[in-house]
Amino acid sequence: ITTDSKTQCSRLPEIVKRAHGMPFAECSIRNRFTIVHVVSGIKHIQCNDIRRSFSCGDTICMSIGMYQTENIPDDTGRYEEIAIEYSADELQKTITRLHLIHDIPIVGSSDRHGIKRFCGCRSERITASLFDEIAGRIGTGMNDEYLAGRKSDLIYILMSHSDNDTVNCILENMDSETEVFVRTVYANIFNDCTIEELAAKCNQSVSTFKAKFFNIFGETPHRWLTKQRLKRACFLLLNTDKSVKTIGEECMFGNQSHFCKTFRHYHRITPAAYRRKMRTAA
């Protein structure tokens with residue numbers, strides 16, 4: 001699997017069409033709520049301890065977050081996806097309008113808690129025809145009115161025909177205040193800043209920041225940030241030949257000794273041994 005970014009992308013302000021002919025792996029941060037449709041091939045997604053696989057025709061809702069993904073071409077040697085981004089304000093306005101016109105619910109099931117990182121929809125490939133239409137317009141251009149209409153249609157289809165998890169995933173991303181908070185946190189995972197500095201970036205006191213952080217992420221800031229950095233380190237250990245020292249530095253561990261000690265504390269194995277073990281198993 002390659003980790004370079006030599007993929008063919010056709011970009012519009014809020015739409016990305018990605019296509020490539022080789023397996024592709026990356027660990028990246030999404031900074032907006034995104035709906036991804038797999039046109040061909042297989043997409044593996046891991047976020048925190050959850051890993052799921054999606055194939056041709058599947059549609060995936062992805063919240064702001066750090067994801068490890070693998071895109072695998074199909075038997076014809078092609079992987080292709082279309083991704084559409086939404087802001088929290090845009091989701092809120094769209095769903096409010098759909099509620100008034102079509103009585104689409106603006107609250108989810110009572111058991112939803114926190115931000116669901118990603119959910120997939122496979123029900124009769126309900127969004128395939130819409131994405132086929134969008135794909136046909138990417139190369140020829142589309143105006144703002146057309147794009148806004150298709151984005152609204154997509155939310156309507158998913159809210160009307162998807163399971164509770166997908167609906168809740170969409171609804172959980174309507175809060176613009178939470179969106180700014182989460183985006184700020186993710187933007188600073190690999191920056192050298194203290195919890196106090198991160199709280200200041202969110203315009204909150206340290207105590208308010210910690211309480212809101214725990215409510216959203218379910219862990220303390222220090223523990224959560226450490227785990228995110230280690231996840232990135234694991235990806236680099238498996239998918240690159242960078243030295244342990246370089247990976248530790250890239251993932252914001254002060255020195256190799258600190259990196260190895262922290263890695264061993266969480267994984268019960270050293271980074272070098274983890275690399276050997278996982279590559280041998282693969």
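Is Phe 217 buried or exposed? With a relative accessibility of 13%, Phe 217 counts as buried. The close-ups below start from this residue in what is a predicted model.

**Figure 1. Tyr 186 and Phe 217 meet as an edge-to-face pair.** A pair of aromatic rings is described by the distance of the centres and the angle of the planes. Here the ring centres of Tyr 186 and Phe 217 lie 6.1 Å apart and the planes stand at 65°, so the pair is edge-to-face. This contact links distant parts of the chain: Tyr 186 belongs to helix H5 (residues 176–187) and Phe 217 to helix H7 (residues 206–217), with the two positions 31 residues apart in numbering. Tyr 186 counts as buried because its relative accessibility is 3%, below the 20% cut-off.

**Figure 2. Phe 217 also pairs with Trp 224.** This pair is tilted, with 4.5 Å from centre to centre and 45° between the planes. Trp 224 has 2% relative accessibility and therefore counts as buried.

**Figure 3. Six names to look for in one aromatic cluster: Phe 181, Tyr 186, Phe 209, Phe 213, Phe 217 and Trp 224.** Both pairs shown above fall within this cluster, as Tyr 186, Phe 217 and Trp 224 are among its members. For the structure as a whole, the count of aromatic pairs is 13.

**Figure 4. The ring of Tyr 146 has the charged end of Arg 137 over it, and that of Arg 150 as well.** For Arg 137, the charged end is 4.0 Å from the ring centre. For Arg 150, the distance to the centre of the Tyr 146 ring is 4.9 Å.

Methods. Residues numbered from 1 in each chain as written. Predicted model: local features only at pLDDT ≥ 70, side-chain atom pairs only at ≥ 80, totals over all residues. Heavy atoms only, no water. Phe/Tyr/Trp six-rings, centres within 6.5 Å; stacked < 30°, edge-to-face > 60°. Helix = DSSP H or I, 4+ residues; strand = E, 2+ residues; numbered from the N terminus. Buried < 20%, exposed > 50% of the residue type's maximum accessible area, 1.4 Å probe, protein only. Lys NZ or Arg CZ within 6 Å of the ring centre and 35° of its normal.
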